[in-house]
2 protein chains.
Amino acid sequence: MPSIDVCFTPALLHLYDVRAKVVVIIDIFRASSSICYGFENGALEIIPVSTIEQCESFNGNDYLLAAERDGAVVEGFHFGNSPYSYTAEKVSGQKIVLTTTNGTYAIEQAAGAAEIVIGSFLNLSALCDWLLNDGRDVILLCAGWKNLFNIEDTVFAGAVISKLFHSFNLDGDSAVGALDLFRLYELKLEAIIEKSSHSRRMKQLGIEKDALFCLQTDICKQVPIMKNGILTVVLSTINS
Amino acid sequence: MPSIDVCFTPALLHLYDVRAKVVVIIDIFRASSSICYGFENGALEIIPVSTIEQCESFNGNDYLLAAERDGAVVEGFHFGNSPYSYTAEKVSGQKIVLTTTNGTYAIEQAAGAAEIVIGSFLNLSALCDWLLNDGRDVILLCAGWKNLFNIEDTVFAGAVISKLFHSFNLDGDSAVGALDLFRLYELKLEAIIEKSSHSRRMKQLGIEKDALFCLQTDICKQVPIMKNGILTVVLSTINS
């Protein structure tokens, strides 16, 4: 039986051997949610980059350039990582270059993994179907906030485990803790918004509706997957 | 109002500014529990050291030498970190040098803190009284397991927060998560033993009775405190 474990922040990923494993990138508020939503709405490619400079180096005629830092759109960019920027009108048929405070950093840290995919509540079931069918060991990598633990990414990791624990061995205490926290919140997911320090930051920026959006389950049917530095999508093997 | 936060592993402590703060070292199974129990039973000093070589460098006539690695007593040493080795018959009036897999490493990592004290379920109320009276900001540092998150240290951190949150600001999501997990387990603390990967390791070593011992609450009235590399005790200001 394959194993599943949770890494609470990219700062701890060096303690995990990811070479033969699938790493799921989780940045619920908001990068991984917006990436899933963008593909659902017809984006062709999303290229995650670490720095604002790398993002700027792409041609704005060929790519939508998206940059977020500390929750806000960086000045001079098309948009940041609000899911409301990833509607069909804006992203259908487009290629996007994206840099965010935590999510794209987490993707970069996972570079040594056998496979990198993107998870969010928006594509929870499609992701779990994909992981189940894939059958390799899984590390659920929470992007956290500036390398610190956060509650929303952890609760989502627990949601994945709640769907998969009959078919995967739980590897460590962080998987147990994430599952426990999901069980505590599953009937009232929006309670996370009051608890999460990142939600409070979003409230200050007037974007708390983004948080509610990101807690919707299964409105996306696709699993973004990384190939040669570019995210594209695979249809869930069960749903396809 | 002072703040309280939880750092889930020593590997993340560099993300916290500890210079003006009290750091509470938490290694429930078993170092911080055994340290508290040792002082309750009359130990004069406990000197935590990182390596087995440092431990060996002390004179065995003047000090009890205690070394644990991966849950077992290191060959050639008086004892490791089972609380049953820290009874009055064994430690009263003694000075002890101690090295463990996780606990003494955590103490070393916290070296820059304003104050370092030791917490466990055994001295929970005395610790909380002391922190409340002290009034400085607090970081609850979970020793974890080889720099990974563990469930028992986290639940204890939550227990401290449950006693202090009216008088301290909760700083981050890890404090919220720890409090949530404590609330989940507080009426059935022994359930941690089934969940914790470290408990499973202890079971394999035939020392699961140690885990049950370490989940007793308030059998110790003292707070071990670090001064110049040496742990001694202060009586709780409330209980003294």
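User: What does superposing the two chains involve here, and how is chain A related to chain B?

Analyst: Copies are superposed by least squares on the C-alpha atoms of residues with pLDDT of at least 70 in both. This is a predicted model. In it, chain A is brought onto chain B by a rotation of 180° with 0.0 Å of shift along the axis, and the RMSD is 0.0 Å. That is the relation of a two-fold axis.

User: Which residue of chain A comes closest to the rotation axis?

Analyst: A:L181, whose C-alpha lies at 3.5 Å from the axis.

User: How many residues of each chain are in contact with the other, and which elements supply them on chain A?

Analyst: The size of an interface is often given as the accessible area lost when the parts come together. Here the contacts are given as residues: 22 of chain A are in contact with 22 of chain B. On the chain A side, α6 (151–164) and α7 (173–185) are the elements that give two or more residues. The most come from α7(A), with seven. By type, that side of chain A has ten nonpolar residues, nine polar and three charged.

User: Why can one say that the copies meet through the same surface?

Analyst: Because 100% of the interface residues of chain A are also interface residues in chain B.

User: Turning to a helix, is α1 of chain A enclosed or open?

Analyst: An α-helix has 3.6 residues a turn, so residues three or four places apart point the same way. In helix α1 (residues 31–40) of chain A, ten of the ten residues are buried, so the helix is largely enclosed by the rest of the structure. Among the buried residues are A:I35, A:Y37, A:F39 and A:E40. Just after α1(A), A:G42 has a positive phi of about 95°.

User: How do the side chains of strand β3 in chain B point?

Analyst: They alternate along β3 (residues 45–48): B:I46 and B:P48 point to one face and are buried, while B:E45 and B:I47 point to the other and are not. Strand β3(B) runs parallel to β6 (residues 95–99) of chain B, and four bridges join the two. Within that pairing, B:I46 stands opposite B:I96.

User: Is B:V233 buried or exposed, and what does it touch?

Analyst: The cut-off for buried is 20 or more other C-beta atoms within 10 Å. B:V233 has 24 C-beta neighbours inside 10 Å, so it counts as buried. This valine is in strand β11 (residues 230–235) of chain B. Leaving out residues up to four places away in sequence, B:V233 touches B:F39, B:Q222, B:V223, B:P224 and B:I225.

Notes. Residues are numbered from 1 along each chain as its sequence is written. Chains are lettered from A and ligands numbered from 1 in the order in which they are written. This is a predicted model: local features need pLDDT of at least 70, side-chain atom pairs count only at pLDDT 80 or more; totals for chains, interfaces and linings use all residues. Two residues are in contact if their C-beta atoms, placed from the backbone, lie within 7 Å. Ala, Val, Leu, Ile, Met, Phe, Trp, Tyr, Cys and Pro count as nonpolar, Asp, Glu, Lys and Arg as charged, and the others, Gly among them, as polar. A residue is buried if 20 or more other C-beta atoms lie within 10 Å of its own, exposed if 12 or fewer, and partly exposed in between; C-beta atoms are placed from the backbone. Two strands pair if DSSP finds at least two bridges between them.
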